[in-house]
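Reader: I would love a close look at one part of this model, the place where two helices pack against each other. Could you walk me through that part and then show how it sits in the rest of the chain?

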Amino acid sequence: DRPRPALAIGAVRGLSPALAAQVEALFRRMDADGDGLITRAEARSFFKHFGRVSADAMFREVDEDCDDTVSLDEFLAFWAQVKGSGYSEESVEEELGELLEGNVWVDFLDGRGVGAG
């Protein structure tokens, strides 16, 4: 299977092309096998510190259909929602940069929680 491109226009609504490209770059780095989906195992391996905690927090916020994978559409839609909840483009870019370094997932004040799902 080839990686699935983001199909839903709503997934990128509110993201500049540059920010959407940065989100997609992070997604591709996390999707170790290149199948177009991030699994929990891939996420755990990606995060350098607190891998299980970060992966579980990410999945609680991003895995909208609760299928234990994160698609590019889900990932883009999550970041568009974060930006739409009041975070500046610069703040989102900074956080994406931290994540690209493998740093821990944080909870955003965006209306989505990372509590036990």
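**A helix pair and the core around it**

Author: Happily! In this predicted model, buried residues make up 41% of the 117 residues in the protein chain. The chain holds five helices and two strands, which follow one another from the N terminus as α-β-α-α-β-α-α.

Let us turn to the last two helices in that order. Helix α4 spans residues 72–84 and helix α5 spans residues 89–100; they pack at an angle of about 140 degrees, with their axes 9 Å apart. Angles over 145 degrees would count as roughly antiparallel, so α4 and α5 are oblique to each other. Their crossing is right-handed. On the α4 side, the contact is made by Trp-79, Val-82 and Lys-83, while α5 brings Glu-89, Val-92, Glu-95, Leu-96 and Leu-99. By class, that gives five nonpolar and three charged residues, with no polar ones.

Now for the wider setting. The largest nonpolar core has 30 residues, and Trp-79 is listed among those with the most contacts inside it, along with Met-30, Met-58, Phe-75 and Trp-105. Two or more residues come from each of α1 (17–30), α2 (40–46), α3 (51–62), α4 and α5, and α4 gives the largest share, seven residues.

Trp-105 makes a nice link back to the helix pair. Leaving aside neighbours within four places in sequence, the partners in contact with Trp-105 include Phe-75, Phe-78, Trp-79 and Leu-99, as well as Phe-47, Ala-57 and Met-58. Across the chain, residues 24 or more positions apart account for 65% of the contacts with a separation of 6 or more.

Technical notes. Residues are numbered from 1 along each chain as its sequence is written. This is a predicted model: local features need pLDDT of at least 70, side-chain atom pairs count only at pLDDT 80 or more; totals for chains, interfaces and linings use all residues. Side-chain values use heavy atoms; hydrogens and water are left out. Axes are lines fitted to C-alpha atoms, for helices over the stretch in contact, and angles run from 0 to 180 degrees between N-to-C directions. Helices (H or I, at least four residues) and strands (E, at least two) are DSSP runs, numbered from the N terminus. Angles under 35 degrees count as roughly parallel, over 145 as roughly antiparallel, 65 to 115 as roughly perpendicular and the rest as oblique. A crossing is left-handed if the near helix is turned anticlockwise from the far one by less than a right angle, and right-handed if clockwise. Contact means heavy atoms within 4.5 Å. Ala, Val, Leu, Ile, Met, Phe, Trp, Tyr, Cys and Pro count as nonpolar, Asp, Glu, Lys and Arg as charged, and the others, Gly among them, as polar. A nonpolar core is a set of buried Ala, Val, Leu, Ile, Met, Phe, Trp, Tyr and Cys residues joined through side-chain atoms within 4.5 Å. Buried means under 20% relative accessible area, exposed over 50%, partly exposed in between (1.4 Å probe, protein chains only).
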